[in-house]
Amino acid sequence: MLLHRVHHQILRSHHLFEPLSDDQLEELMATSQLLNLDKSDHLFQQGEPADSFYFLISGAAKIYRLTPDGQEKVFEVVGNRQTFAEAMMLMDTPNYVASAQALCPTQAYRFSNASYMRLLEANQRLTFALLGKLSMRLHQRINEIETLSLKNATHRVIRYLLTQSVRVPECGNRFELPMAKQLVAGHLSIQPETFSRIMRRLLDEGIIELEGRLITILDRQRLEQFE
């Protein structure tokens, strides 16, 4: 019962659930499923019926597709207290267009699309919250497309490092990569060898320090101007 209340509080912190009344949240939870996943377990796979969306209590998951030649393209890494696959509720597509896989031991809620859609019809604030979430995702994807289309590999890596460094302001110029380096390379649509070569140049130039996945930016101005 205590865990149930804790999870309610965590869900309330997310704007897709905050507008729900207590009764509505209970109704949604009644049709949900709490998943405990090991590393590499799939939440769903491309082509499966898209009847649910997910909220991560803890852990991380990658959203990816396989290219026709079998290579993996990572679209996003989702962290704790984030939702994903909610856009499928509004798409005229019956099946998932990508796969989701746990990157580490992960706990997640699976929510029924049909249950949430019933609540949307009865709660205008919830409808606008979902629109806001999807608009934010669209803006992120447009920025990624622009970067991938117009900028070279070095620029992509530098922009990624700078973006990661400001996500946790209290940590200053020190941060941890949210996923393995080969996954970062896939996310940036470059080869792992290219990513490693760029990181080595930044290390040799004294612009960053690297300890495993922990990065310290030593000279932000030079990093911003690095070509």
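## Salt bridges, a sheet and a short helix

The side chains of Arg-125 and Glu-18 meet in a salt bridge, 3.1 Å from N to O. A salt bridge here is a side-chain nitrogen of Lys or Arg within 4 Å of a carboxyl oxygen of Asp or Glu. The model is predicted, so to speak of local features a pLDDT of at least 70 is needed, side-chain atom pairs count only at pLDDT 80 or more, and totals for chains, interfaces and linings use all residues. Residues are numbered from 1 along each chain as its sequence is written, and side-chain values use heavy atoms, with hydrogens and water left out.

### Salt bridges

Back to that pair: it links distant parts of the chain, with Arg-125 in helix α4 (residues 124-150) and Glu-18 in the loop between α1 and α2, 107 residues apart. Helices (H or I, at least four residues) and strands (E, at least two) are DSSP runs, numbered from the N terminus. Arg-125 is exposed at a relative accessible area of 51%, while Glu-18, at 38%, is partly exposed. For these words, buried means under 20% relative accessible area, exposed means over 50%, and partly exposed is in between (1.4 Å probe, protein chains only).

By the salt-bridge rule the count comes to five. Among them are the three in this table.

| Pair | N to O distance |
|---|---|
| Arg-125 and Glu-18 | 3.1 Å |
| Asp-22 and Arg-12 | 2.8 Å |
| Arg-200 and Asp-204 | 3.5 Å |

Asp-22 and Arg-12 meet through their side chains. This pair also links distant parts of the chain: Asp-22 belongs to helix α2 (residues 22-30) and Arg-12 to helix α1 (residues 2-12), ten residues apart. Asp-22 is exposed at 58% relative accessibility, and Arg-12 is partly exposed at 25%.

Arg-200 and Asp-204 sit within one helix, α7 (residues 192-204), four residues apart, which is about one turn of the helix. Arg-200 is partly exposed, with a relative accessible area of 48%; Asp-204 is exposed, at 57%.

### The open sheet

Now to the strands. Four of them form an open sheet in the order β2-β7-β4-β5, with antiparallel pairing. Its edge strands are β2 (42-44) and β5 (72-78), each of which pairs on one side only. On average, neighbouring strands of this sheet are turned by 30 degrees against each other, direction ignored. The angles are taken between axes, which are lines fitted to C-alpha atoms (for helices over the stretch in contact), and run from 0 to 180 degrees between N-to-C directions. Two strands pair if DSSP finds at least two bridges between them.

Strand β4 (residues 61-66) and β5 run antiparallel and are joined by six bridges. Tyr-64 has Val-74 of β5 as its bridge partner, and Leu-66 stands opposite Glu-72 in β5. The two strands form a hairpin with five residues between them, and Gly-70 in the turn has a positive phi of about 90 degrees. β5 is mostly covered, with five of its seven residues buried.

Positive phi values also turn up outside glycine. Arg-81, with phi near 65 degrees, is one such residue; it is found in the loop between β5 and β6 (83-84) and is partly exposed at 44%. Ala-85 is not a glycine either, yet has a positive phi of about 75 degrees. Ala-85 is found in the loop between β6 and β7 (99-102) and is buried, at 15% relative accessible area.

### Helix α3 and the annotated span

In α3 the buried residues are Asn-113, Ser-115, Tyr-116, Leu-119 and Leu-120. They lie on the same side of α3 because they cover an arc of only 160 degrees around the axis, the arc being that of the directions from the helix axis to the C-beta atoms. Exposed Glu-121 and Ala-122 are carried on the face turned away from that buried side. At the N-terminal end of α3, Ser-112 acts as a cap, with a side-chain oxygen 3.3 Å from the backbone nitrogen of Ala-114.

Arg-118 lies in α3 (residues 113-122) and is partly exposed, at 45%. Its C-alpha atom is separated by 10.0 Å from that of Gln-24, 94 residues apart along the chain.

An unreviewed UniProt entry annotates residues 16-120 as "domain: Cyclic nucleotide-binding"; such annotations may be inferred rather than shown by experiment, feature names are shortened, and positions are given in the numbering used here. The end C-alpha atoms of residues 16-120 lie 10 Å apart, and the span is 16% helix and 39% strand.

Definitions and conventions:
A polar contact is a pair of N or O atoms within 3.5 Å; within protein, one must be able to donate a hydrogen and the other to accept it, and residues adjacent in sequence count only if both atoms are side-chain atoms.
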